[in-house]
Amino acid sequence: MFMIFVRRVAALSALVVALIAIGPGLARATEPDKLRVAVILSAGIESGWDGTLIQALERVKAKKPHGLDITWKYTDPLWGDDAGDAMRLFAESGQYDIIWAHSTYSDQVKKLKDEFPNILFVVVGSGNEGLGGNQYWVYKRVNEPAYLLGTIAGKMTKSNKLGVVGTYPADDVNDEINAFFAGAKAANPKVERTVAFIESWYDPAKAAEYTSAQIATGADLIFQLTGNFKPCEEAKILCFGNFQDQQSFSPSTVLSSTVALWDPDVEHVIDAWWAHKAEGKPYAGNTDKQWFSMKDGGSAMAPYGELEAKLPDNVRADVEALKAKIMAGTFEVPVDVSDPKAH
């Protein structure tokens, strides 16, 4: 009897050793090799907001995080119930692992997240609610490169009057406008500011009207958040673009731009999905705003390109020195989300 027991123990021990030996191989066999993403767009890939996300997806795809083959499908611009219906179709299809809703969509996600607990939902920017669980809240701030653009504007203005034409007075719009003026004021205390909002994500006619009005009152440098540079071209003044390198939009006027880089955000979300899918970790979506800074790869300032010769050497040197401090973490650009006022 004792010998039978010994043989059983020996057999079990051998089985355990064998399982340990092949265990890693089994684990690798169950790890996913594909990631499928559905993207709900809010403005279209021609816009800086949506276009920069698709560009980031392309860059991350090329890096193959976790060895994944990443594919995605994006929608036309959708809002409200239409966006919610699209999310449900994506979820019910069973073909998508992440639904990335690229703006204020937490109301729609709230109706779906618990019904589809294995899907990771993403919402982006201000106006969202931090629901936690399998909803992740991505935030994007470009206030640091905006501060650098403001520094250039403050040093180069001849009239001491600067203008900004914005979309809506929202948290993640106000922050970059206030940073632009803070940089300008630090470089030139005499600077006066003018601010206008077109109350739309896309209205070229109103953008032109408000930009022309600022130029008429003496503004000789414009931070253009609405993408219409025609008034700057007609007045032969320099402008700054927003959220993407917009020099190709107006080579004769756009000196530089703030640039949104979503790469660290995309990689963070993919890591969370991987940990859930491959390692069984529960989703733990953030309930508070989180964003990646300039030094963390979350934003940048576009190169000067063809207009670099218009930038005085001393201004270029000062901006590069300030940028180096931001990247090193020794200079902090304040986050000011108060409504920007003209003064």
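A residue is called buried under 20% relative accessible area, exposed over 50%, and partly exposed in between, as computed with a 1.4 Å probe on protein chains only. The views below show a predicted model, in which local features need pLDDT of at least 70 and side-chain atom pairs count only at pLDDT 80 or more, while totals for chains, interfaces and linings use all residues. Residues are numbered from 1 along each chain as its sequence is written, and side-chain values use heavy atoms, with hydrogens and water left out.

**View 1. Surroundings of Lys-341, in the segment after α10 (313–328).** Helices (H or I, at least four residues) and strands (E, at least two) are DSSP runs, numbered from the N terminus. Lys-341 is exposed, its relative accessible area being 53%. Apart from neighbours within four places in sequence, Lys-341 is in contact (heavy atoms within 4.5 Å) with Arg-193 and Val-195. Lys-185 lies 156 residues from Lys-341 along the chain, and the C-alpha atoms of the two are separated by 14 Å.

**View 2. The region annotated by UniProt at residues 36–334.** The unreviewed UniProt entry gives these residues the feature "domain: ABC transporter substrate-binding protein PnrA-like". UniProt positions are given in the numbering used here, feature names are shortened, and annotations may be inferred rather than shown by experiment. In the model, residues 36–334 are 39% helix and 18% strand, with the end C-alpha atoms 37 Å apart.

**View 3. Strand β3 (residues 98–101) and its pairing partners, β1 and β4.** Two strands pair if DSSP finds at least two bridges between them. Strand β1 (residues 34–40) pairs with β3 in the parallel sense over four bridges, and Val-37 stands opposite Ile-98 of β3. Strand β4 (residues 120–124) also pairs with β3 in the parallel sense, over four bridges; here Val-123 of β4 is the bridge partner of Ala-101. In a regular strand the side chains alternate between the two faces of the sheet. Both faces of β3 are covered, with Ile-98 and Trp-100 buried on one side and Ile-99 and Ala-101 buried on the other.

**View 4. Helix α9 (residues 263–279) and the elements against which it packs.** The expected span of a helix is 1.5 Å times one less than its number of residues. For the 17 residues of α9 this gives 24 Å, and the end C-alpha atoms are 23 Å apart, which agrees. Buried residues of α9 include Val-266, Val-269, Ile-270, Trp-273 and Trp-274. The buried residues of the helix pack against β1, α2 (48–63), β2 (69–74), β3, β4 and β5 (135–138). Just after α9, Gly-280 takes a positive phi of about 75 degrees.

**View 5. Thr-75, in the loop between β2 and α3 (80–93).** Thr-75 is buried, with a relative accessible area of 13%. Its side chain reaches the backbone nitrogen of Leu-41 at 3.2 Å. Neighbours within four places in sequence aside, Thr-75 is in contact with Val-39, Ile-40, Leu-41 and Phe-90.

**View 6. The salt bridge between Arg-59 and Asp-263.** A salt bridge is a side-chain nitrogen of Lys or Arg within 4 Å of a carboxyl oxygen of Asp or Glu. Side chains of opposite charge can pair when their charged atoms come close. The structure holds 20 salt bridges. In the one shown, the side chains of Arg-59 and Asp-263 meet at 2.7 Å, N to O. The pair links distant parts of the chain, with Arg-59 in helix α2 and Asp-263 in helix α9, 204 residues apart. Arg-59 counts as partly exposed at 34% relative accessibility, whereas Asp-263 counts as buried at 15%.

**View 7. The salt bridge between Asp-171 and Lys-289.** The closest N and O atoms of this pair are 2.9 Å apart. Asp-171 lies in helix α6 (residues 171–187) and Lys-289 in the loop between α9 and β11 (299–301), so the salt bridge ties together parts that are 118 residues apart in sequence. Salt bridges that share partners join Arg-141, Asp-171, Asp-175 and Lys-289 into one network. Within it, Asp-171 is buried, with a relative accessible area of 16%, and Lys-289 is partly exposed, with 37%.

Conventions:
Polar contact = N/O pair within 3.5 Å; in protein donor to acceptor, adjacent residues only side chain to side chain.
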